[in-house]
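Okay, thanks for coming, everyone. I'd like to talk about cysteines and charged pairs today, so let me put the structure up.

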Amino acid sequence: MLTVIIECLDQETELAQTLAALVSGAVEGIVCDVVVLDHGSRDGTSRLADAAGCRFHGQWDLKDIVRAARGEWLLLVEPGARPAGGWIDAIAEYVMRNTAPAQFSPSRHHRLPFYRRIGRRSAPLEDGLLVSKRQALAIVKSGMRLGDLPKGLRMQSLTAELVPARVARKASAEFTE
């Protein structure tokens, strides 16, 4: 039903957090496929993806990746992002009733202070992107990056929240210090 696509570069720790959060979706049968697109990582990203049963690509064309996706819907997230409780039901209900792309609601517990949100451009996939494979195929172009896919899309909001990848990056940076 759902193919998850994650684009990485030396983000083994963050990828592990995202994959761990997706296990419940695989158990429930909503996640049928996880694809990791790598930009030449020198850490253990490829070994982690392989151990988790993901399809790993070191070289790819996004159009080919979308075409080969096993799910009818695609979920694009940054490495380190983690869907919060209730995400499985929220996505299952959404895809049954809608055809428009959607994104997760920002996590209330990990919201930036107001003064840091003013004028800030969020990353294109900070809140994820849920899009039908059919719609993605209509807009994806050869040579396109994953983060370019949401540009120009008008998205609905899912009821479920997404813990942003910046939380995992911050925790990882604090751990290595």
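So, disulfides first: the count is zero, taking a disulfide as a pair of cysteine sulfur atoms within 2.5 Å. Quick caveat: this is a predicted model, where local features need pLDDT of at least 70 and side-chain atom pairs count only at pLDDT 80 or more, while totals for chains, interfaces and linings use all residues. Residues are numbered from 1 along each chain as its sequence is written, and side-chain values use heavy atoms, with hydrogens and water left out.

Why does C54 have no bond? Its closest cysteine sulfur, in C8, is 9.1 Å away, which is too far. C54 is buried, at 11% relative accessible area (buried means under 20%, exposed over 50%, partly exposed in between, with a 1.4 Å probe and protein chains only). C32, at 35%, is partly exposed.

Now the charges. There are eight salt bridges, meaning a side-chain nitrogen of Lys or Arg within 4 Å of a carboxyl oxygen of Asp or Glu. One of them pairs E7 with R145, with the closest N and O atoms 3.9 Å apart. E7 sits in strand β1 and R145 in the loop between α6 and β8, so this pair ties together parts 138 residues apart in sequence (helices, H or I, of at least four residues and strands, E, of at least two are DSSP runs, numbered from the N terminus). E7 is buried at 14%, while R145 is partly exposed at 47%.

Then there's R55 with D33, at 2.6 Å between the closest N and O atoms. D33 is buried, at 3%. Those two also join R70 in a salt-bridge network.
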